[in-house]
Amino acid sequence: MADASADGPDEKCSASRTIRILLAEDVALLRGALAGLLDLEPDLEVVAELGSGDAIVRAALRLRPDVAVLDVDLPGVDGVTAAAELHRRLPECRVLILTGLGRPGDLRRALDAHAHGFVLKDVPPAELAAAIRRVAAGEQVVDPQLALVALRQPESPLTPREAQVLRLAAEGADVDDIALVLGLTVGTVRNYLASCISKLNARNRIDAVRIAGDFGWV
């Protein structure tokens with residue numbers, strides 16, 4: 001009996017600990033629904049609801065949440081970029097990325113950005129709550145189907161220079177800008193882009209950017 005009594009206060013303290021959550025999702029209806037569902041859990045509390053990525057780090061530094069639940073695609077700063085910045089400036093705040101598309105490239109980028117979890121938006125509420133608890137406890141949580149797809153995806157056919165050129169194109173740089181940044185001639189940049197389009201069996205430069213982005217090659 002004495003042993004059981006000694007364990008009781010610790011167990012009560014552990015059970016009563018509240019996990020503070022920062023939630024960033026640009027679709028207001030979904031953001032409100034997620035916040036409402038999470039707040040129904042006795043050990044979870046949503047302390048911030050954000051509709052864009054620009055305010056994530058600022059809000060996190062002010063509120064010090066335990067877990068930031070971030071949509072991968074946010075206006076302004078995207079969820080993966082915010083995850084990397086949170087890791088740098090507030091490493092004690094762990095990050096769970098939500099995605100609606102399940103692109104293997106997003107998973108790779110998220111892990112590279114030190115995100116601690118990566119799950120689909122349509123996961124049942126109980127599973128999302130469980131994933132948040134596991135991330136808060138120091139575990140890494142990755143949707144098993146996404147992990148399997150990521151492991152099976154092929155190696156990039158692009159050379160490092162081709163990937164660099166395509167990455168700049170994905171950021172909105174035109175041929176002249178890319179040539180200036182990389183110290184190349186305009187003709188050379190065009191040749192690299194043509195090679196990317198050919199290797200990826202893309203219709204054009206925009207399609208090449210999309211394909212490479214989906215696979216996490218840029």
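Which elements each supply at least two residues of the lining of the second largest pocket? Keep that in mind as we walk through this predicted model; we will come back to it at the last stop.

**Stop 1: the sheet**

Start by selecting the strands. You should find an open sheet of six strands, paired in parallel, and reading across it gives the order β2-β1-β3-β4-β5-β6. Now colour β2 (44-50) and β6 (141-142): these two stand at the edges, and each has a single partner strand, so one side of each is left without a neighbour in the sheet.

Next, pick out β1, residues 19-24, beside β2. The two strands run parallel and are joined by six bridges. To see one of these pairings up close, select A24 together with L50, its bridge partner in β2.

Move across to β4 and β5, which pair in the parallel sense over four bridges. Here, select L96 and you will find G117 of β5 standing opposite. One step further, β5 and β6 are also paired in the parallel sense, this time over two bridges. Show F118 and V142 to see another facing pair, with V142 belonging to β6.

While you have the strands on screen, here is a handy idea to carry with you: in a regular strand the side chains alternate between the two faces of the sheet.

**Stop 2: helices across the sheet**

Add residues 28-39 to your view. This is helix α2, which lies across β1, β2 and β4 (94-99), and its direction is at about 165° to β2. Then add residues 79-89, helix α4. This helix lies across β3 (67-71) and β4, running at about 155° to β3.

**Stop 3: the largest pocket**

Now for the open spaces. The largest pocket holds about 440 Å³ of space. Select D78, D106, R109, G213 and V218: among the 14 lining residues, these lie nearest the centre of the pocket. The elements giving two or more residues to this lining are α5 (104-112), α8 (160-170) and α11 (205-215). Of the elements, α11 gives the most, with three residues.

Try colouring the lining by class, and you will get eight charged residues, five nonpolar and one polar. Then colour by domain: domain 1 (19-152) and domain 2 (160-215) each contribute at least three residues to the lining of this pocket.

**Stop 4: the second largest pocket**

Finally, select V119, V123, E127, A131 and V141. They lie nearest the centre of the second largest pocket, which is lined by 13 residues and has about 160 Å³ of space.

Here is the reply to our opening question: β5 (117-120), α6 (125-136) and β6 each supply at least two residues of this lining. Helix α6 provides the largest share, four residues. Colour this lining by class too, and you will see nine nonpolar and four charged residues, with no polar ones.

Note on methods: Residues are numbered from 1 along each chain as its sequence is written. This is a predicted model: local features need pLDDT of at least 70, side-chain atom pairs count only at pLDDT 80 or more; totals for chains, interfaces and linings use all residues. Side-chain values use heavy atoms; hydrogens and water are left out. Two strands pair if DSSP finds at least two bridges between them. Contact means heavy atoms within 4.5 Å. Axes are lines fitted to C-alpha atoms, for helices over the stretch in contact, and angles run from 0 to 180 degrees between N-to-C directions. On a 1 Å grid over the protein atoms alone, a cavity is a set of points where a 1.4 Å probe fits but cannot get out, and a pocket is an open set with protein on both sides within 12 Å along at least five of seven lines; lining residues have an atom within 4 Å of a point. Grid points are joined across faces, edges and corners, and a volume is the space filled by probe spheres set on the points. Ala, Val, Leu, Ile, Met, Phe, Trp, Tyr, Cys and Pro count as nonpolar, Asp, Glu, Lys and Arg as charged, and the others, Gly among them, as polar. Domain bounds come from an automatic or database domain assignment.
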